[in-house]
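Here is a short briefing on one structure. Please look over the sequence and the model, then read on.

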Amino acid sequence: MQVPLWFALLVVGYLGVKLIRPPAWLIVVLLLGGFLLADSVLAPAINGLFK
């Protein structure tokens, strides 16, 4: 069974918010920070750490 990555992330994110209930500002900071880091000059260095 193959599940698209976006769907798996959506389900995990939804369950994480429902079960752990982090503050809204923390969710916004993580999403915005990840988006900004992905488009920065640090992206190749971060990508090298996770490969």
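Glycine 16 sits in helix α1. The model is a predicted one. The notes below start at that glycine and move on to the pocket, the aromatic pair, the surface and the backbone.

**Glycine 16**
- Relative accessible area is 25% for glycine 16, so the residue is partly exposed; the partly exposed class runs between the 20% and 50% cut-offs.
- Glycine 16 and leucine 31 are 15 residues apart along the chain, and 14 Å separates their C-alpha atoms.

**Largest pocket**
- Leucine 31 is also one of the residues that line the largest pocket, together with Leu9, Val12 and Gly13.
- Helix α1 gives the largest share of this lining, with three residues.
- The space in the largest pocket is about 160 Å³.

**Aromatic pair**
- How many aromatic pairs does the model hold? The count is one aromatic pair.
- The ring centres of tryptophan 6 and phenylalanine 7 are 5.9 Å apart and the planes stand at 80 degrees, so the pair is edge-to-face. Planes over 60 degrees apart fall in that class.
- Is tryptophan 6 buried or exposed? Tryptophan 6 is exposed, at 60% relative accessible area.
- Phenylalanine 7 has 40% relative accessibility and therefore counts as partly exposed.

**Nonpolar surface patch**
- Both rings of the pair belong to residues of a nonpolar surface patch, whose members include Trp6 and Phe7.
- The patch covers about 1,200 Å².
- Other members are Met1, Val3, Leu10, Val11, Tyr14, Leu15, Leu19 and Ile20.
- Valine 3 lies in the segment before α1, a helix that spans 5-20.
- With 42% relative accessibility, valine 3 is partly exposed, as the class calls for a value between 20% and 50%.

**Backbone at arginine 21**
- Where is arginine 21? Arginine 21 is in the loop between α1 and α2, the latter being 24-38.
- Its phi is near 55 degrees, a positive value in a residue other than glycine.
- Most residues other than glycine have a negative phi.
- Arginine 21 counts as exposed because its relative accessibility is 63%, and the exposed class begins over 50%.

Key
Residues are numbered from 1 along each chain as its sequence is written. This is a predicted model: local features need pLDDT of at least 70, side-chain atom pairs count only at pLDDT 80 or more; totals for chains, interfaces and linings use all residues. Side-chain values use heavy atoms; hydrogens and water are left out. Rings of Phe, Tyr and Trp (its six-membered ring) pair if their centres lie within 6.5 Å; planes under 30 degrees apart count as stacked, over 60 as edge-to-face and the rest as tilted. Buried means under 20% relative accessible area, exposed over 50%, partly exposed in between (1.4 Å probe, protein chains only). Patches are made of residues with over 30% relative accessible area and no salt bridge: like charges are joined within 9 Å, nonpolar side chains (Val, Leu, Ile, Met, Phe, Trp, Tyr) within 5 Å. Accessible areas come from the Shrake-Rupley method with a 1.4 Å probe; for residues, only the protein chains shown count as cover. A salt bridge is a side-chain nitrogen of Lys or Arg within 4 Å of a carboxyl oxygen of Asp or Glu. Helices (H or I, at least four residues) and strands (E, at least two) are DSSP runs, numbered from the N terminus. On a 1 Å grid over the protein atoms alone, a cavity is a set of points where a 1.4 Å probe fits but cannot get out, and a pocket is an open set with protein on both sides within 12 Å along at least five of seven lines; lining residues have an atom within 4 Å of a point. Grid points are joined across faces, edges and corners, and a volume is the space filled by probe spheres set on the points.
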